[in-house]
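Colleague: I would like a close look at a single part of this model, with the terms spelled out. Please bring up the sequence and structure before we start.

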Amino acid sequence: MYQAVKGTQDILPADRAYWRYVTEQMHAVSALFGLQQIDTPIFEETSLFVRGVGEGTDIVDKEMYSFQDKGGDDLTLRPEFTAGVMRAFIEHGMHVLPRPVKLYSIGPIFRHEAPQAGRYRQFHQFNVEMLGEMDPAVDLDVMSVAWMLLTRLGYRGLNFQLNSTGCRKCRPGYRAALVDYFKAYEDRLGDVDRRRLAINPLRLLDSKEPAVQPLLDAAPHSADHLCDECATHLAGLRGYLAALGMPYTINFRLVRGLDYYTKTVFEVWAEGIGSQSAVCGGGRYDGLVEELGGPPTPGIGFAMGIERVIASLKQQGITPPALAEPRVQVSPLGEAARLPAIRLVNDLRAAEIGALLAFGGRSLKSQLKSADKAGVAYTVILGDTELANGVAVVRDMASSQQETVAADGIVDWLRARVIRNT
Ligand code: AMP
């Protein structure tokens, strides 16, 4: 028996109402901010991610689904959206568009991580990018997308975790201070953390190793090493967040897993959703477009895990609106009624009334049973007598009352009674 590959899952019809609700809100909120949708391919050249995400990151070192295709090209299933969106931005000369260029995407992401609750190897993200503006008001705009979306979905107790990782100018100083600090404790570090110290010391800040935790309390904070420009940027953003009443906590350990972040990094945490409390995270990446061969272009974005959002909605008891379902079943009794029944079902659907045809020539009793199971409001019964008289019998499934209705008026009769199905 085949099974879904480890770390992947089927999204079954039973979960569709959640997916529809969440993704529709994503489109709706994006529209309010002037974000435009962009879809990039699911695979790109491997080197795009190595360069964009950065060597020494978990994603590039351990988690990419990379392969050679039949033509010998080195390709990778996207482990995040940003690099591909930047590639498209550069390739299509989008830097000439009015700034900031605001883009969003929704789709699958692939990472070879250790599967566990809330962590998959194929999962979906809602990804937002705003490009071409240094103004901290753009940082606020990006963070507001996440905030408004999660608020509309029903989250309460939201809080931003915020930090600034500095820029090309000030980060080397901070990095050196971190290395200095941790060098003194190198004998306490495990292999992974020692490697981080050598390649990517900022990553030590999100080490989960118990031995490292006490060291972190006294580790230097990036906020104390910011250049004037980065400090002013952070202060500006904090002022805006305070003005809008969006609570935030400065979290000096927040560095995020990807190499390209500069200045602002943030996550959104929601109360009461357990260990996966970060539903979304992102930050500024002012050097990335240039790094990938484009014109110098600042940018900021975030990604939100859709499976995690849905899991936490369920955990919080937030239910999505039900999906539209057919409200009418048409039940032909006998061969002669089949074609008129097929026509009627067709006419109902054309009038935007969801309709099911009872297949298989079963008894009326069993047809009514299946109508009940399908949850329709009305069953139209078409038998020989009804055909001969140019009528149909309509049964109200809730009350079991039956009424005889002229065949040529039946679409209008039902339209007046069932909720439109669009
Ligand atoms: P990242 O791209 O790592 O910053 O992740 C952004 C968001 O994607 C996270 O806050 C999670 O909601 C979600 N996410 C990341 N990795 C996974 C995963 N393996 N499975 C499910 N969701 C994930």
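Colleague: What follows concerns one helix and then the nonpolar cores. Which residues of helix 13 are buried, and what covers them?

Modeller: The model is predicted, with local features needing pLDDT of at least 70 and side-chain atom pairs pLDDT 80 or more, while totals for chains, interfaces and linings use all residues. Numbering runs from 1 along each chain as its sequence is written, and side-chain values use heavy atoms, without hydrogens or water.

Helix 13 spans residues 364–374 (a DSSP run of H or I, at least four residues; strands are E, at least two; both are numbered from the N terminus). Gln367, Leu368 and Ala371 are its buried residues (under 20% relative accessible area, 1.4 Å probe, protein chains only; exposed is over 50%, partly exposed in between). These three lie on the same side of helix 13, because their arc around the axis is only 100 degrees, taken from the directions from the helix axis to the C-beta atoms. The cover over them includes strand 12 (328–332), strand 14 (378–382) and strand 15 (391–396), in contact through heavy atoms within 4.5 Å. On the face turned away from the buried side, Lys365, Lys369, Asp372 and Lys373 are exposed. Just past the helix, Gly375 has a positive phi of about 75 degrees.

Elsewhere, the largest nonpolar core (buried Ala, Val, Leu, Ile, Met, Phe, Trp, Tyr and Cys joined through side-chain atoms within 4.5 Å) has 49 residues, with Phe126, Phe302 and Met304 making the most contacts inside it. Helix 5 (residues 136–153) supplies its largest share, 10 residues. Another core, of 27 residues, lies apart from it and includes Ile109, Leu131, Leu254 and Val265.
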